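Trainee: Could you walk me through this structure, one piece at a time?
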Amino acid sequence: MATEIVFTIRDQRGKKTTTSVKVVEHPRANVQNFAVAYADAIDNLIGGVVEGAVALMAGDISGLVSNVALASSDVEEIGSAQFVAATGRKVLMNIPSLKESLVDNATGNLDETEAEVIAFLSMMEDGITVNSNLIRAVDVAEENIVSHRYFRERSRSSGARRGNV
Amino acid sequence: MLATALVFHFRDAKGKESTTKFHVRSTVSVTDLVDYVQAAAEVIQGLTTAEITGVTVSLGLDLSGASLKAVATTFSDWFNKGLFTLYESTLGLFSKIFLPTWDEAHNHANSDQIDLADANVATLVTILEDGVTLSALTTRVVNFDGEFIDEVRSGREIFRES
């Protein structure tokens with residue numbers, strides 16, 4: 001599958017937009033090198049400023065089993081978590097179509113004795129080891145997420161979103 | 001460097017879609033990311049009744065090696081775009097790319113047609129048609145079907161939102 005490189009462009013009024021190009025899926029260093037060359041090339045053709053670039057890749061989830069939406073599923077029923085990074089910065093994260101069975105009906109909070117909830121909180125606060133490397137969830141400043149303040153059920157209108165992989 | 005973002009995509013039984021996102025360090029290798037994404041998807045699947053339709057991994061790229069202008073030119077406008085039509089010969093399909101804030105100095109005189117022989121345009125065309133090589137590996141541009149772009153057929157200036 002292709003890697004899409006998305007460049008952010010800013011015009012003289014400060015309005016931002018993007019342009020993108022797809023490349024064959026290559027090692028990060030090659031994609032990085034391509035992005036630099038492409039940025040140089042388009043910078044000479046446009047009046048705007050190339051502010052930055054990201055590479056978008058599709059993750060492989062082919063190993064998921066029983067990955068089918070239940071009849072009762074609803075993305076507007078969410079589990080809302082507020083995590084805290086090591087520096088104290090708050091990180092919000094929602095889980096759409098939350099399993100009702102994981103909710104403590106008395107409080108509306110996720111039951112933190114449930115195995116699935118334990119696994120999720122552990123992934124976010126302690127990390128997962130893959131290929132002998134511990135990978136931690138972080139905030140945008142790359143500080144480790146270390147705890148959570150709450151994880152509870154909420155309802156909200158999500159609307160339809162584009163964004164297929 | 002931007003932290004690497006992982007965006008998980010969900011779809012419920014009514015077809016409504018939503019996403020959730022969190023970050024891992026930018027230093028995590030692509031190899032480890034592949035395995036991490038699978039493991040994280042399994043953990044998140046345990047919490048949801050929706051289908052997880054996919055995961056998008058967003059890697060920050062370092063453009064410090066490029067020589068980029070720091071200030072936009074006076075008349076630069078995001079609405080003004082350079083539209084390039086690309087062609088791949090395997091399936092005979094066309095695709096397009098848009099460059100916002102297009103500088104019409106690279107058009108033919110008194111025309112909205114882009115001058116493909118312009119030196120700066122030619123540099124872009126070479127990248128689009130031949131790719132960029134690092135360590136004996138050439139990274140080439142592909143279309144939505146994953147086919148290599150063989151030719152930049154044309155370019156013209158347009159004015160539109162998207």
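Mentor: Happy to; we will take the sheet, then a helix contact between chains.
Mentor: This is a predicted model, where local features need pLDDT of at least 70, side-chain atom pairs count only at pLDDT 80 or more, and totals for chains, interfaces and linings use all residues. Residues are numbered from 1 along each chain as its sequence is written.

Trainee: Which strands stand at the edges of the open sheet in chain A?
Mentor: Strands are DSSP runs of E, at least two residues long, numbered from the N terminus, and two of them pair if DSSP finds at least two bridges between them. Three form the antiparallel sheet, in the order β5-β4-β9. Each edge strand has a single partner, so one side is left without a neighbour in the sheet; these are β5 (90–96) and β9 (145–155) of chain A.

Trainee: Which residue in β5(A) does A:A81 stand opposite?
Mentor: Strand β4 (residues 77–85) of chain A runs antiparallel to β5(A), joined by seven bridges. Opposite A:A81 stands A:M93.

Trainee: How many of the 16 residues of α1(A) are buried?
Mentor: Buried means under 20% relative accessible area, with a 1.4 Å probe and protein chains only. Among the buried residues are A:F34, A:Y38 and A:I42. Helix α1(A) is mostly covered, and the count is twelve.

Trainee: How many nonpolar residues are in the contact of α2(A) with α1(B)?
Mentor: Contact means heavy atoms within 4.5 Å. The contact involves A:A119, A:F120 and A:M123 of α2(A), with B:Y36, B:A40, B:V43 and B:I44 of α1(B). Ala, Val, Leu, Ile, Met, Phe, Trp, Tyr, Cys and Pro count as nonpolar. No polar and no charged residues take part, and the nonpolar ones number seven.

Definitions and conventions
Chains are lettered from A and ligands numbered from 1 in the order in which they are written. Side-chain values use heavy atoms; hydrogens and water are left out. Helices (H or I, at least four residues) and strands (E, at least two) are DSSP runs, numbered from the N terminus. Buried means under 20% relative accessible area, exposed over 50%, partly exposed in between (1.4 Å probe, protein chains only).
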